[in-house]
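Trainee: I would like a close look at a single helix and at what surrounds it. Could you take me through that part carefully, and then outward to the rest of the model?

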Amino acid sequence: MRGTFLRRLYFFAVGLFLALPLVVVAGVSFNEKQDLTFPPIGFSLSWYGQIFADAEWRRALIASVLLAVSAAAIAVAVALPLAWFLWRRIAPWANVFQLLGVAPFILPPVITALGMLTFWATSGFYGQPWTAAISHGIFFVTLPLVTLSLGFASIDRSLVEAAATMGADDRTLLKTVVLPLILPYLVSGYAFAFVLSLNEYIVAYMTVGFTTETLPIKIFNALRYGYTPTMAAVSIFFVALAALVFGLIARFGDIRKLLGAMASEG
Amino acid sequence: MRREPPTSVADYGPLVFPGVMLVVFFVVPFSTMIAVSFFQRDPAGFYTTDFTLDNYGRFLSLFFGRVLGFSLVLSVLVAICCVAIAFPFTYLLTRQSRMVQTVWLVALLSVLSLSEVIIGFAWSTLFSRTAGITNLFVWLGLMDEPVALLPSFGAVLTGMVYQALPYTVLVLYPALVRLDTTLLEVARTLGSSPIRAFFNVVVPALRNTLVATIIMVFVFALGSYLLPQILGRPQHWTLSVLITDQAIYQSNMPFAAAMAAFLVLISLALVGLTLLVGRRENAS
């Protein structure tokens with residue numbers, strides 16, 4: 001079949017385009033000496049060890065993970081009650097908050113970054129590590145908001161009705177019926193925000209760039225003084241982590257459904 | 001359970017925390033930024049309170065005009081390239097088995113979530129002289145010796161297409177998944193080749209989706225701030241780079257804020273346009 005062949009060729013070309021830079025970076029990360037050559041000369045995993053062994057890279061890794069863990073938690077903490085309210089109540093004006101939650105994600109990120117910079121500079125907290133966590137939490141609130149709205153929409157309302165008829169109040173309802181049902185959406189919302197926060201540069205840079213180095217900031221700063229294979233190792237580490245997280249979401253949830261509805265929401 | 005309008009103050013309870021957070025940490029910073037765009041620059045600190053239109057007046061300079069023009073042309077090119085590649089790809093993808101779709105979606109999401117720093121680093125390696133793709137060409141006998149392909153406009157464009165391509169596929173995916181295939185089957189039964197059926201049936205049916213996607217990708221590309229710096233020369237800098245540069249390195253927050261406000265206006269106008277286009281599609 002000519003059609004099948006052409007289709008395969010097209011898929012292969014797109015796949016190659018997406019994979020090529022990563023393949024080269026992976027190759028570079030296995031170089032034995034501190035040269036940036038491809039194909040690699042020798043084979044060594046020592047640059048991966050560097051991420052954890054070198055004090056500066058380790059500090060950046062810890063800063064990044066701490067930031068992503070807390071930012072994703074803030075994003076979920078903001079999104080969950082909002083999504084719950086929007087599902088539970090008829091209050092058209094409350095959609096304003098939904099719009100506010102989606103806005104930072106649709107506008108070019110430099111705008112949110114500059115807004116946060118002026119805000120923290122004006123309020124006098126500029127440079128504190130927690131300001132980055134809040135900034136990221138707000139910046140990525142869109143993701144859990146969208147997954148949770150989707151989760152709530154998938155709940156069969158008669159289930160909740162049954163519980164309510166039996167005398168459950170809102171708190172009991174939430175704990176025993178609603179939360180278990182939307183848990184997969186909650187987890188994927190958290191995971192999306194976590195991975196994106198880990199990779200985010202500009203907002204982190206403008207809020208805490210001069211006091212804390214997250215991994216993307218560290219890579220960019222190191223880039224100015226020339227290349228090292230450690231940067232390549234960190235990049236591959238990040239790609240693998242993202243693939244792992246999204247792979248898990250796909251394994252335990254329906255990623256097609258999640259994405260099919262995501263863009264229609266946004 | 002039926003949705004009910006809130007009756008007591010307590011019913012508004014769940015809204016308190018998200019509302020406060022979004023207002024304090026998004027609406028207030030955003031308004032502060034707009035306010036600062038009217039302030040006076042203070043070379044020693046951040047700014048001094050004032051009301052001046054000078055920052056907006058600087059838009060009239062030739063330099064700003066060139067940066068703005070370049071950003072717009074670059075983003076349009078990125079959007080067109082991405083949609084041209086992604087549309088047939090996404091269409092074919094939605095015709096594959098669930099398993100194949102899932103694997104591709106995971107891969108696309110992984111690339112999409114990549115930091116701009118990492119994308120810039122990866123492409124600068126691929127375009128470098130020592131580890132780059134030209135070594136492959138030399139090995140194949142196509143070139144005499146490896147060369148560096150950056151900094152150049154082509155490198156910036158390639159990097160940005162790479163960054164925006166997964167986004168484009170994920171924006172197109174829902175529309176193409178829901179595409180009614182009966183028309184396509186009719187065209188095929190009547191003897192159209194798959195490629196002709198694609199161009200005569202699928203493309204016209206999704207014309208508005210295509211326009212909306214081009215605009216979405218355009219706005220996405222406007223936000224790129226590191227790739228032009230890593231892969232290009234200073235004349236390839238975009239508005240986003242200029243904003244960062246003014247805010248951080250020239251410590252001219254008011255001018256940066258004015259440019260950001262301008263960028264917001266462009267983006268909002270375009271996003272509004274996509275909503276309008278989308279509504280027309282739903283109505284027809």
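Mentor: The buried residues of H4 of chain A pack against helix H3 (55-88), helix H5 (109-123), helix H6 (129-139) and helix H7 (142-153) of chain A, together with H1 of chain B, in what is a predicted model. The residues in question are A:Phe97, A:Gln98, A:Leu100, A:Gly101, A:Ala103 and A:Pro104, which are the buried residues of this helix. As for its geometry, H4 of chain A covers residues 95-106, and because a rise of 1.5 Å a residue predicts a span of 16 Å for its 12 residues, the 16 Å between its end C-alpha atoms agrees with expectation.

One of the helices that H4(A) packs against, H3(A), also gives the most to the largest nonpolar core, with 19 residues. That core holds 166 residues, and the members that touch the most other members are A:Ala75, A:Ala79, A:Leu114, B:Ala164, B:Val217 and B:Ala260. The core draws at least three residues from each of domain 1 (1-44) and domain 2 (54-265) of chain A. In soluble globular proteins, nonpolar side chains tend to be buried together. For one of the core residues the surroundings can be listed: leaving aside residues up to four places away in sequence, A:Ala75 touches A:Gly137, A:Phe140, A:Val141, A:Leu143, A:Pro144 and A:Ala193.

The helix from the partner chain leads to the interface, where the contact takes 72 residues from chain A and 75 residues from chain B. On the side of chain B that touches chain A, the elements giving two or more residues are helix H1 (13-36), helix H3 (62-94), helix H4 (98-112), helix H5 (116-126), helix H7 (153-177), helix H10 (207-222), helix H12 (239-249) and helix H13 (253-283) of chain B. H1(B), against which the buried residues of H4(A) pack, supplies the largest share of that side, 16 residues. By class, the residues on this side of chain B divide into 55 nonpolar, 15 polar and five charged.

Turning to chain A as a whole, the chain has 13 helices and zero strands, and its C-alpha trace spans about 70 × 65 × 30 Å along the principal axes. Of its 266 residues, 49% are buried, and among contacts between residues at least 6 apart in sequence, 74% join residues at least 24 apart. The chain is divided into domain 1 (1-44) and domain 2 (54-265), whose centres, taken over C-alpha atoms, are separated by 31 Å. Eight residues of domain 1 of chain A are in contact with eight residues of domain 2 of chain A, and the domain 1 side of that contact has five nonpolar, three polar and no charged residues.

One local feature of chain B deserves separate mention. B:Ser251 lies in the loop between H12 and H13 of chain B, and its phi is near 35°, a positive value in a residue other than glycine. Most residues other than glycine have a negative phi. B:Ser251 counts as partly exposed because it has 15 C-beta neighbours inside 10 Å.

On confidence, the model scores ipTM 0.85 and pTM 0.87, while the mean pLDDT of chain B is 85, with 95% of its residues at 70 or more.

How values were computed. Residues are numbered from 1 along each chain as its sequence is written. Chains are lettered from A and ligands numbered from 1 in the order in which they are written. This is a predicted model: local features need pLDDT of at least 70, side-chain atom pairs count only at pLDDT 80 or more; totals for chains, interfaces and linings use all residues. Two residues are in contact if their C-beta atoms, placed from the backbone, lie within 7 Å. Helices (H or I, at least four residues) and strands (E, at least two) are DSSP runs, numbered from the N terminus. Ala, Val, Leu, Ile, Met, Phe, Trp, Tyr, Cys and Pro count as nonpolar, Asp, Glu, Lys and Arg as charged, and the others, Gly among them, as polar. The expected span of a helix is 1.5 Å times one less than its number of residues. A residue is buried if 20 or more other C-beta atoms lie within 10 Å of its own, exposed if 12 or fewer, and partly exposed in between; C-beta atoms are placed from the backbone. Domain bounds come from an automatic or database domain assignment. A nonpolar core is a set of buried Ala, Val, Leu, Ile, Met, Phe, Trp, Tyr and Cys residues joined through C-beta atoms within 7 Å. pLDDT is the predictor's confidence in each residue, from 0 to 100.
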